[in-house]
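Student: Could you take me through one part of this structure closely, starting with a sheet and its strands, and then show me what lies around it? I would like a careful, connected account.

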Amino acid sequence: MRRAGRVVAEMLETCEQAARPGMTTHDLDVLARQVLERRGARSNFLNYHGFPGVICTSPNDVIVHGIPGSYRLKEGDILSVDCGAIIEGYHADAARTFPIGEVDEEAKRLMQATRESLEAGIKWVRDGSRVSDIGHAVQTVAEGAGYSVVREYVGHGIGTALHEEPKVPNYGQPGRGIKLKVGHVLAVEPMVNLGGPETAMYDDGWTVVTADGSLSAHFEHTIAVTDDGPEVLTVLD
């Protein structure tokens, strides 16, 4: 899973470094496919329930599951990219939101708060914590910054399948749910909206947007519970 995590981190880094005004989201999907091929990994997104890409590309008010295609990035957009990889049957999954060119202060604050909410949640991915401790930490940071947390879509366990138990909500009271132990691996993924938490879906059956049209940011890591605390797997060496 560490190896798969490094591939995912490289996919995200490649997309962020390449993304600029004028590129399409399909262009980024092509670059991510090249990383998978170069590293001898398989995509866990491609053909998942029919999904056509190896990454999800979610600009501006798109929360998650945006399909790569003809959308052309423009100055001032924010773009969430979510991707995964499989190495020898083991999965990793991560996401990040980044600016396209120069973005306004409101967008910068939203991305920063979402990143900080993930960092707060990661601290609770440790032996003896309850699953809800993670979500409570995420919610506290995100709502404390004045934003809302998406309820309908949550994090998850991950291992020999992309989505495993337990579900990992980004909200809730602490001290509930299963107790974590060494060896558990979770994908923690705050989705934080500038406006309200309500969502809507496009007719394509995939693309989830904010109901009020406000911006949304999404950050995710795959994290293992170890004897030494949380280990983030979806990072480069």
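Tutor: In this predicted model, three strands form an open sheet in the order β1-β3-β4, and their pairing is antiparallel. Strand β1, which covers residues 55-59, and strand β4, which covers 90-99, are the edge strands, and each of them pairs on one side only. From one strand to the next, the twist averages 15°. As a general point, the strands of a sheet pair through backbone hydrogen bonds, and the pairing can be either parallel or antiparallel.

Look next at the pairing of β3 with β4, where ten bridges join the two antiparallel strands, with β3 taking in residues 78-87. You can follow individual pairs here: Val 81 has Arg 96 of β4 as its bridge partner, and Ala 85 has Ala 92 of β4. Although β4 is an edge strand, eight of its ten residues are buried, so β4 is largely enclosed by the rest of the structure. Helix α2, made of residues 25-39, lies across β1 and β3, and its direction is at about 25° to that of β3.

Between β3 and β4 the chain makes a hairpin with two residues between the strands, and Glu 88 in this hairpin takes a positive phi near 50°. Most residues other than glycine have a negative phi, and most peptide bonds are trans. Glu 88, then, deserves attention, since its phi is positive and the residue is not a glycine. Glu 88 lies in the loop between β3 and β4, and with a relative accessibility of 67% it counts as exposed, because the cut-off for that word is over 50%.

A positive phi is also found at His 65, where the value is about 70° although His 65 is not a glycine. This residue sits in the loop between β2, residues 62-64, and β3. His 65 is partly exposed, its relative accessible area being 26%.

His 65 also leads us to the largest pocket, since it is among the residues that lie nearest the centre of that pocket, together with Tyr 48, His 156, His 163 and Glu 189. The lining of the largest pocket comprises 25 residues, and the space within the pocket is about 440 Å³. Two elements, β6 (155-157) and β7 (164-168), give two or more residues to this lining, and the largest share, three residues, comes from β7. Sorted by kind, the lining has ten nonpolar, seven polar and eight charged residues.

Strand β7 has a backbone feature that you can find for yourself: the peptide bond from Glu 165 to Pro 166 is cis, with omega near 5°, and Pro 166 has its place in β7.

There is another open sheet of three strands, with the order β5-β9-β12 and antiparallel pairing. At its edges stand β5 (148-149) and β12 (216-218), each with a single partner strand, so one side of each is left without a neighbour in the sheet. Strand β9, residues 191-193, is joined to β12 by three bridges, and the two run antiparallel; within this pairing, Val 192 has Ala 217 of β12 as its bridge partner. Helix α3, residues 105-122, packs on this sheet and touches β9 and β12, with its direction making about 35° with that of β12.

A last place to look is Met 201, which is found in strand β10, residues 199-201. Met 201 is partly exposed, with a relative accessible area of 43%. Once its neighbours within four places in sequence are left aside, Met 201 is in contact with Tyr 153, Trp 206, Thr 207 and Val 208. The C-alpha atom of Met 201 is also separated by 9.8 Å from that of Ile 63, although the two residues are 138 residues apart along the chain.

Conventions: Residues numbered from 1 in each chain as written. Predicted model: local features only at pLDDT ≥ 70, side-chain atom pairs only at ≥ 80, totals over all residues. Heavy atoms only, no water. Pairing = 2+ DSSP bridges. Helix = DSSP H or I, 4+ residues; strand = E, 2+ residues; numbered from the N terminus. Axes fitted to C-alpha atoms, helices over the stretch in contact; angles between N-to-C directions. Contact = heavy atoms within 4.5 Å. 1 Å grid on protein atoms, 1.4 Å probe; cavity = no way out; pocket = protein on both sides within 12 Å on 5 of 7 lines; lining within 4 Å. Points joined across faces, edges and corners; volume = space filled by probe spheres on them. Nonpolar A, V, L, I, M, F, W, Y, C, P; charged D, E, K, R; others polar. Buried < 20%, exposed > 50% of the residue type's maximum accessible area, 1.4 Å probe, protein only.
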